[in-house]
Amino acid sequence: MLTSIIAKLEQSQLRSDLPTFRVGDTVRVHYKIVEGEKERVQVFQGIVLKRHRAGARSTFTVRKVSFGIGVERIFLAHSPRIERIEIVSKGIVRRSRLFYLRDLAGKAARVRDEKDA
C-alpha cells in the first residue's frame with residue numbers, strides 16, 4: 001500500500017518532454033544555474049556514459065573533455081533545472097556502461113556514430 005502511494009507521488013513528478021537517448025549518444029544538456037538572484041542556462045555537451053533508471057530518481061552521467069581534462073557530470077533526469085536535452089548524435093556501443101572511455105584519450109576515445117555504420 002505504501003509503495004503504491006509513493007509510486008503515485010513519483011508519477012506526478014516525472015517529465016514527459018525528455019527525448020529517448022541511450023548510452024553512447026552525444027547529448028547537449030541545457031541546465032539552469034542560479035547565482036544569487038540571477039539565473040542562466042549552461043550547456044554541457046558530451047557522451048552519455050551510463051543511465052540509472054529509477055523512476056523519479058533516474059540519473060544519467062555525461063562525460064566531456066574540456067581543455068584536455070575529462071569532466072563528468074551526473075544529471076537527475078526529471079529535474080526541473082534541466083531546461084532541455086538535445087541529441088547531437090547517436091552512438092553505436094555494445095555496453096551499458098562506458099567507463100572504459102575514462103582510460104582512453106584523443107581519437108581512441110571516440111564512439112562509432114550511427115551514420116558511420
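What share of the contacts in the protein chain with a separation of 6 or more comes from residues 24 or more positions apart? I looked this up before anything else, keeping in mind that the model is predicted, and I found that such residues account for 53% of those contacts.

**Entry 1, overall layout.** I counted one helix and five strands in the protein chain, and, reading from the N terminus, I noted the order α-β-β-β-β-β. I then took the extent of the C-alpha trace along its principal axes, which comes to about 50 × 40 × 25 Å. Of the 117 residues, 31% count as buried, while the chain exposes about 8300 Å², of which carbon and sulfur atoms supply 52%.

**Entry 2, the nonpolar cores.** I turned next to the interior, with the background in mind that nonpolar side chains tend to be buried together in soluble globular proteins. The largest nonpolar core here has 13 residues, and I listed Val27, Val29, Phe60, Val62, Phe75, Ile82 and Ile85 as those with the most contacts inside it. At least two residues of this core come from each of strand 1 (26-35), strand 2 (38-52), strand 3 (59-66) and strand 5 (82-89), and strand 1 gives the largest share, with four residues. Apart from this core I found another, of six residues, which includes Val23, Ile47, Leu98 and Leu101. I also followed Ile82 by itself: leaving out residues up to four places away in sequence, Ile82 touches Arg15, Val29, His30, Tyr31, Phe60, Phe75, Leu76 and Ala77.

**Entry 3, Glu86.** Which side chains make polar contacts with the side chain of Glu86? I located Glu86 in strand 5 and found a polar contact from its side chain to that of His30 at 2.6 Å, together with one to the side chain of Arg84 at 3.1 Å. Not counting residues up to four places away in sequence, Glu86 touches Thr26, Val27, Arg28 and His30. I recorded Glu86 as partly exposed because its relative accessible area is 25%, which falls between the limits of 20% and 50%. I also checked Glu86 against Ser12, 74 residues apart from it along the chain, and their C-alpha atoms are separated by 23 Å.

**Entry 4, His78 and Asp113.** Is His78 buried or exposed? I found His78 in the loop between strand 4 (69-76) and strand 5, and its relative accessible area of 18% makes it buried, since the limit for that term is under 20%. A polar atom of the His78 side chain lies 3.4 Å from the backbone oxygen of Gly55. Beyond its neighbours within four places in sequence, His78 is in contact with Gln13, Leu14, Arg15, Leu18, Gly55, Ala56 and Ser58. I then looked at Asp113, which lies in the segment after strand 5 and is likewise buried, with a relative accessible area of 12%. With neighbours within four places set aside, I saw Asp113 in contact with Ser89, Lys90 and Ile92.

**Entry 5, the N-terminal surface.** Which residues form a nonpolar patch on the surface? I noted Met1, Leu2, Ile5, Ile6 and Leu9, which together have about 570 Å² of accessible area. Met1 belongs to the segment before helix 1 (2-13), and I entered Met1 as exposed because its relative accessibility is 80%, against a limit of over 50%.

Definitions and conventions
Residues numbered from 1 in each chain as written. Predicted model: local features only at pLDDT ≥ 70, side-chain atom pairs only at ≥ 80, totals over all residues. Heavy atoms only, no water. Patch = residues over 30% accessible without salt bridge, like charges linked within 9 Å, V, L, I, M, F, W, Y side chains within 5 Å. Areas by Shrake-Rupley, 256 points an atom, 1.4 Å probe, with all protein chains shown as cover. Salt bridge = Lys/Arg side-chain N within 4 Å of Asp/Glu carboxyl O. Buried < 20%, exposed > 50% of the residue type's maximum accessible area, 1.4 Å probe, protein only. Core = buried A, V, L, I, M, F, W, Y, C linked by side-chain atoms within 4.5 Å. Contact = heavy atoms within 4.5 Å. Polar contact = N/O pair within 3.5 Å; in protein donor to acceptor, adjacent residues only side chain to side chain.
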